[in-house]
Amino acid sequence: MSLQCKVVNFIEPQLSGAILLDQISVLRERYGQAKIDAAIAALDPQDRAELSGLLAMSWCRAELAMRFKNALAKVVDVPPLELQRFVSSAGIERTVKGVWRFLLKQLWDDALMRRVPMIYSRTFNHGDLRAEDVTSRGARFVLSGWPTIPDYDAHGLSYGIESVLNVAGRARPKVVWKREAAEVVFTATWSAKA
């Protein structure tokens, strides 16, 4: 009898430090430093220490990023998904400003959709996003390797994809998502290039 043992090296899902720092900057501009400080103070000491040591080149537990944003949502009395929509969109717009914005507008649909997974891989260290079925009015993205992505992060990813499409000049972008077995499918639609 043969016994096989597969070793799984589980890495806790993490968010790019650069992305979270951009989001915190956007939130600070909108709500002020006192509200940011109040949200951080609501976290446990380990979470506060991790946030205070965050660098653009480091990674932050995705769960901690969600807890921080939820704490801020409570402080500013905004529904958590509304805050997530705002910060995901504003963060992407800040990330792809200047020359990148110009370049994104020059890309045809297929080339643009092929870059979304690259942006994803620089945002999260978990899972693999791939573009499929790209047309001139839509695309399908499949996230594998992270079937348990929290709804909060799936919504954030949807909002981020919508923002990339918007920045790239696609009119009325909309992204919906659903779980399909061990994958999460994001369906993006848009009107003609503006």
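This passage describes the confidence, the sheet, the packing of helices and the internal cavity of a predicted model.

The protein chain of this predicted model has an average pLDDT of 88, and 89% of the residues score at least 70. Among the elements of the chain, helix α2 (residues 33-41) has the highest mean pLDDT, at 98, whereas helix α6 (residues 99-106) has the lowest, at 66. Over residues 1-9 the pLDDT falls below 50, and in the model this stretch makes zero contacts beyond near neighbours in sequence.

An open sheet is formed by four strands in the order β3-β4-β6-β5, with antiparallel pairing. Because β3 (128-132) and β5 (174-180) stand at the edges and each has a single partner strand, one side of each is left without a neighbour in the sheet. On average, and with direction ignored, neighbouring strands of this sheet are turned by 20 degrees against each other.

Within the sheet, β6 (residues 183-189) pairs with β5 in the antiparallel sense over seven bridges, and β4 and β6 are likewise paired in the antiparallel sense, over six bridges. T187 of β6 is the bridge partner of V176, and T187 is also the bridge partner of R140. The strands β5 and β6 form a hairpin with two residues between them, and A181, which lies in the turn, has a positive phi of about 55 degrees. E180 stands opposite E183 of β6.

Two helices are associated with these strands. Helix α7 lies across β3 and β4 (138-144) and runs at about 175 degrees to β3. Helix α8 packs on the sheet, where it touches β4, β5 and β6, and the direction of α8 makes about 145 degrees with that of β5.

The interior of the model was also examined for enclosed space. In general terms, empty space left between atoms is shown by rolling over them a probe the size of a water molecule. With a threshold of 30 Å³ or more, the count comes to one cavity, and about 330 Å³ of space lies in the largest cavity. The lining of the largest cavity comprises 26 residues, of which I92, T123, F124, G156 and G160 lie nearest its centre. By residue class, this lining divides into 15 nonpolar, eight polar and three charged residues. At least two residues of the lining are supplied by each of the helices α1 (17-31), α4 (62-76), α5 (80-95), α7 (109-121) and α8 (151-167). Helices α7 and α8 therefore appear in both descriptions, since α7 lies across β3 and β4, α8 packs on the sheet, and each contributes to the lining of the largest cavity.

Terms used
Residues are numbered from 1 along each chain as its sequence is written. This is a predicted model: local features need pLDDT of at least 70, side-chain atom pairs count only at pLDDT 80 or more; totals for chains, interfaces and linings use all residues. Side-chain values use heavy atoms; hydrogens and water are left out. On a 1 Å grid over the protein atoms alone, a cavity is a set of points where a 1.4 Å probe fits but cannot get out, and a pocket is an open set with protein on both sides within 12 Å along at least five of seven lines; lining residues have an atom within 4 Å of a point. Grid points are joined across faces, edges and corners, and a volume is the space filled by probe spheres set on the points. Ala, Val, Leu, Ile, Met, Phe, Trp, Tyr, Cys and Pro count as nonpolar, Asp, Glu, Lys and Arg as charged, and the others, Gly among them, as polar. pLDDT is the predictor's confidence in each residue, from 0 to 100. Contact means heavy atoms within 4.5 Å. Two strands pair if DSSP finds at least two bridges between them. Axes are lines fitted to C-alpha atoms, for helices over the stretch in contact, and angles run from 0 to 180 degrees between N-to-C directions.
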